[in-house]
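Okay, thanks for coming, everyone. I'd like to walk you through a structure that's probably new to most of you, so let me put it up on the screen.

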Amino acid sequence: MDTVTRRVSYTALVVIVLWLFLIATIKVMSPEPDYSQTLPEECEEGSLNCAGFGKWSHRMDDSDAVEFEGSMADARDSIEEWVSERERTIIVHLDNDTLHVVETSFLLRFEDDLVVHIECSDGLTIIHGYSSSRIGVGDLGVNPERLASLKSHLNAYNNTDSRCW
């Protein structure tokens, strides 16, 4: 192996080791929330690491709740479909009207929480949601983008029967 190849290999190894050390340090120093009995907390006023729409309106250009064109079961199925299409995203809690989803970032492996609530109001299926980063004071716009993607997916759903039952 010549000197240039050895230096490039050594530099790549150092970068990988430092990256792994950074991820391990962040994981060890960050508290691991226990959401087995509760959901993540809602966005605090002025927070830059979360966003919401509907009853949790925060940091969204379009912060209205989604009036879904289908039943509550259709809405839940549509959200599950959206989750299955996203990488590194899993549903950790699911019941009749609430979903708790965790999405992990690619590079630094940060976990973000997404909570979606589905309700029937005046015969309409209404969907509210919020997304928050577990670590840090900002989210680089990831949470509003995630919610905009979800809202776009839900608004694209077409059903001739828009009753919620």
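Let's start with one residue, W19. Its relative accessible area is 31%, and because buried means under 20% and exposed means over 50%, W19 counts as partly exposed. Keep in mind that this is a predicted model.

So where does W19 sit? You'll find W19 in helix 1, which covers residues 3-29. W19 also belongs to a nonpolar patch on the surface, together with I16, L20, F106 and L107. Taken together, those residues have about 520 Å² of accessible area.

Okay, zooming out. What does the chain's secondary structure come to? Three helices and six strands. Going along the sequence, you read α-β-β-α-β-β-β-β-α.

Let me pick out one pair of strands. Strand 3, residues 89-94, and strand 4, residues 98-104, pair up antiparallel, with five bridges. These two make a hairpin, and three residues lie between them. If you want a spot to look at, go to I91: its bridge partner in strand 4 is V101.

Now the overall shape. The radius of gyration is 20 Å, while a compact globule of 165 residues would be near 15 Å. Along the principal axes, the C-alpha atoms fill a box of roughly 70 × 30 × 30 Å.

How much of the chain is buried? Buried residues are 36% of the 165. As for the outside, the chain exposes about 10100 Å², and 56% of that comes from carbon and sulfur atoms.

Last one, on contacts: of those with a separation of 6 or more, 56% are between residues 24 or more positions apart.

Terms used. Residues numbered from 1 in each chain as written. Predicted model: local features only at pLDDT ≥ 70, side-chain atom pairs only at ≥ 80, totals over all residues. Heavy atoms only, no water. Pairing = 2+ DSSP bridges. Helix = DSSP H or I, 4+ residues; strand = E, 2+ residues; numbered from the N terminus. Patch = residues over 30% accessible without salt bridge, like charges linked within 9 Å, V, L, I, M, F, W, Y side chains within 5 Å. Areas by Shrake-Rupley, 256 points an atom, 1.4 Å probe, with all protein chains shown as cover. Salt bridge = Lys/Arg side-chain N within 4 Å of Asp/Glu carboxyl O. Buried < 20%, exposed > 50% of the residue type's maximum accessible area, 1.4 Å probe, protein only. Rg over C-alpha atoms; globule rule 2.2 N^0.38 Å. Contact = heavy atoms within 4.5 Å.
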